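Work through the exercises below with the sequence and the model at hand. Each task is followed by a solution in steps.

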Amino acid sequence: MRNTVNRAVVEGKLSKLIDAFCPILYEDDELFLKNMKGRNLAGDDIRLYQHWEWTQGVGIYGLWKLFEQTKNEKYLNTLTKYFDAQLEIGFPTLNVNTIAPFLTMSYVGEFLHSERYMIHCRNAAKWIMSSFPRTQEGGFQHMTSDTLNDQELWDDTLVMTVLFLANMGRIENNQQYIQESQYQFLLHAKYLADKETGLWYHGWTFNGRHNFAKAFWGRGNCWITIAIPEFLNMIDCDPPVRRALTELLRNQVESLVKYQSESGMWHTVIDDPDSYVESSATCGFAYGILRSVHSGLLEQKYEAVALKALQPILGYIAEDGVVHQVSYGTPMGRESKEFYKNIELKPMPYGQTLAILFLTEYLNS
C-alpha cells in the first residue's frame, strides 16, 4: 500500500501551512536581532537583515516552488510584495546567508522579465565570483552576517549560496558560474561527506583540518538531500559530476533509511536516538527523497521511506498551521554533539516551507 493518509487531510494541512507562512515570515526574530547588535561585520543597519536572511530565503523558495506547481497568482503576489518591501529598505552586505533570498528573486525576476529584480541578482552573482571569501582550495568560506568563520566549509552553503550561483549560470548561460557551482559541490563533498556512513558532517575547518564535533546534524544533512536533486534538475551538469553527486545522494539516503525512527521521523543528531526528533530535517529529507525518486535519481523503493514521515509531520502541524518541533538556527557545534541536542525548538519560516515542499511534492506524485 502506497499510503493510508487521506489526500483531503494533506490538502487541508497544506492550506493551513500556507496561511501561517506570512505571519512567521515577517515576525521579528528577537534572538537573531539581539545577537546581531554589536557584531555585524559590515556595520549595516540591522533593519536590512531583519527579513532578508537565510531563514526567510529558504522560506520564500518553498513559496516559489508552490507557485511554480500551482500557478496560483496569490503566491507570486506574496513574493513580489516581499521583494518590493526589501527594495525600499535596501539590501544588507552580502554573505552566505544574505545571498539565500536571491535564489527565489532570480526565479521571479526571470519569470516576470523584471530587470528591477534581476539587476540585484546579477550584482550578487558577480560578487560571489569576484569577492566571496575563499578557503584553501577555493571553497566558499561560510561567512555569515555576524561571523567570519575563517577557513570553514559548512554544508549549509550549498543551499544558501551555490544553488543561486548555479541558477544565475542557467539564466544567463554563464558557464563560468555553472563550472564554479559544480566545483563547490565536489569540494564540499570531499571534506564533509563521511566515507563510512555517507552522511555529512556539519562543517570542516582548514585551520586544524578537522570536522569539529563530527556531528551528523539533521537539518545540515537535509540541505544536502535537497540541494543535490535541485542542483541536478536546475542545470546540465558535466556527466562525471552528475554521476558523482547522484552516488553521494544514494549513499546518504541509504544511511537515512538505517537511522529513521520507528515513528518515521529523524533525530536532530541523526545517529543519536537520545536527541529529539526534529520536523524541519524530517521534512527536508522526505522532500529531497521524493524529489529524487520523481526525477529518476533514486529508485522507486525509496518513496516508502519518505512517506513514512508523512503521518508524524501532519501531527506536528497545529490547527493554526504552525509547524512545531522545529530546531532554531544552529551555528557550528565546535566541541560536542551535545550542542545540537540543546538547540531550542521554535516555529521558523524554514519549518513552514520545508513542510510545504514535502506536502506539495507528495500531492503531485
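**Exercise 1. Helices α7 and α8**

Task: Determine the handedness of the crossing in which α7 passes α8, and describe the contact.

Solution.
- Step 1. In this predicted model, the crossing of α7 past α8 is left-handed.
- Step 2. Helix α7 covers residues 115-131, and its axis comes within 10 Å of that of α8, at a crossing angle of roughly 115°.
- Step 3. On the α7 side, the contact is formed by Met118, Cys121, Arg122, Ala124, Ala125, Ile128 and Met129. Thr161, Phe164, Leu165, Met168, Ile171 and Glu172 form the α8 side.
- Step 4. Sorted by class, the contact of α7 with α8 holds 10 nonpolar residues, one polar and two charged.

**Exercise 2. Helices α5 and α7**

Task: Classify the mutual orientation of α5 and α7, then list the residues through which they touch.

Solution.
- Step 1. The axes of α5 (residues 73-89) and α7 come within 11 Å and cross at roughly 65°.
- Step 2. Angles of 65 to 115 degrees count as roughly perpendicular, and α5 and α7 are therefore roughly perpendicular to each other.
- Step 3. The crossing of α5 past α7 is left-handed.
- Step 4. Thr80, Phe83, Asp84, Leu87 and Glu88 of α5 meet Arg116, Tyr117 and His120 of α7.
- Step 5. This contact of α5 with α7 consists of three nonpolar, two polar and three charged residues.

**Exercise 3. Helices α12 and α16**

Task: Find the angle at which α12 and α16 pack, and state what orientation follows from this angle.

Solution.
- Step 1. The axes of α12 (residues 279-294) and α16 lie 8 Å apart, and the packing angle is about 30°.
- Step 2. Angles under 35 degrees count as roughly parallel, so α12 is roughly parallel to α16.
- Step 3. Here α12 passes α16 in a left-handed crossing.
- Step 4. From α12, the contact takes Ser280, Cys283, Gly284, Ala286, Tyr287, Leu290, Arg291 and His294. From α16 come Tyr350, Gly351, Leu354, Ala355, Leu357, Phe358, Glu361 and Tyr362.
- Step 5. The class split for α12 with α16 is 10 nonpolar, four polar and two charged.

**Exercise 4. Enclosed cavities**

Task: How many cavities of 30 Å³ or more are there, and which residues line the largest cavity and the second largest cavity?

Solution.
- Step 1. The count is two cavities of 30 Å³ or more.
- Step 2. The largest cavity has a volume of about 110 Å³. Its lining consists of Gly57, Val58, Tyr61, Ala100, Leu103, Val159, Met160, Leu163, Trp223, Ile226, Leu354 and Leu357.
- Step 3. At least two lining residues of the largest cavity come from each of α4, α6 (96-112), α8, α10 (218-234) and α16 (349-363).
- Step 4. Of the residues lining the largest cavity, 11 are nonpolar, one is polar and none is charged.
- Step 5. The second largest cavity has a volume of about 60 Å³. Ile24, Glu27, Asp28, Asp29, Thr55, Gln56, Lys346, Pro347, Met348 and Pro349 line the second largest cavity.
- Step 6. The lining of the second largest cavity has four nonpolar, two polar and four charged residues.

**Exercise 5. The largest pocket**

Task: Give the space in the largest pocket, and say which helix gives the most to its lining.

Solution.
- Step 1. The largest pocket holds about 670 Å³ of space.
- Step 2. Its lining comprises 32 residues, and those nearest the centre of the pocket are Trp54, Asp146, Gly329, Thr330 and Pro331.
- Step 3. The helices α2 (30-36), α3 (47-50), α4 (54-70) and α8 (156-172) each provide at least two residues of this lining.
- Step 4. Helix α2 gives the most, with four residues.
- Step 5. By class, the lining of the largest pocket has 12 nonpolar, 13 polar and seven charged residues.

Note on methods. Residues are numbered from 1 along each chain as its sequence is written. This is a predicted model: local features need pLDDT of at least 70, side-chain atom pairs count only at pLDDT 80 or more; totals for chains, interfaces and linings use all residues. Side-chain values use heavy atoms; hydrogens and water are left out. On a 1 Å grid over the protein atoms alone, a cavity is a set of points where a 1.4 Å probe fits but cannot get out, and a pocket is an open set with protein on both sides within 12 Å along at least five of seven lines; lining residues have an atom within 4 Å of a point. Grid points are joined across faces, edges and corners, and a volume is the space filled by probe spheres set on the points. Ala, Val, Leu, Ile, Met, Phe, Trp, Tyr, Cys and Pro count as nonpolar, Asp, Glu, Lys and Arg as charged, and the others, Gly among them, as polar. Axes are lines fitted to C-alpha atoms, for helices over the stretch in contact, and angles run from 0 to 180 degrees between N-to-C directions. A crossing is left-handed if the near helix is turned anticlockwise from the far one by less than a right angle, and right-handed if clockwise. Contact means heavy atoms within 4.5 Å. Angles under 35 degrees count as roughly parallel, over 145 as roughly antiparallel, 65 to 115 as roughly perpendicular and the rest as oblique.
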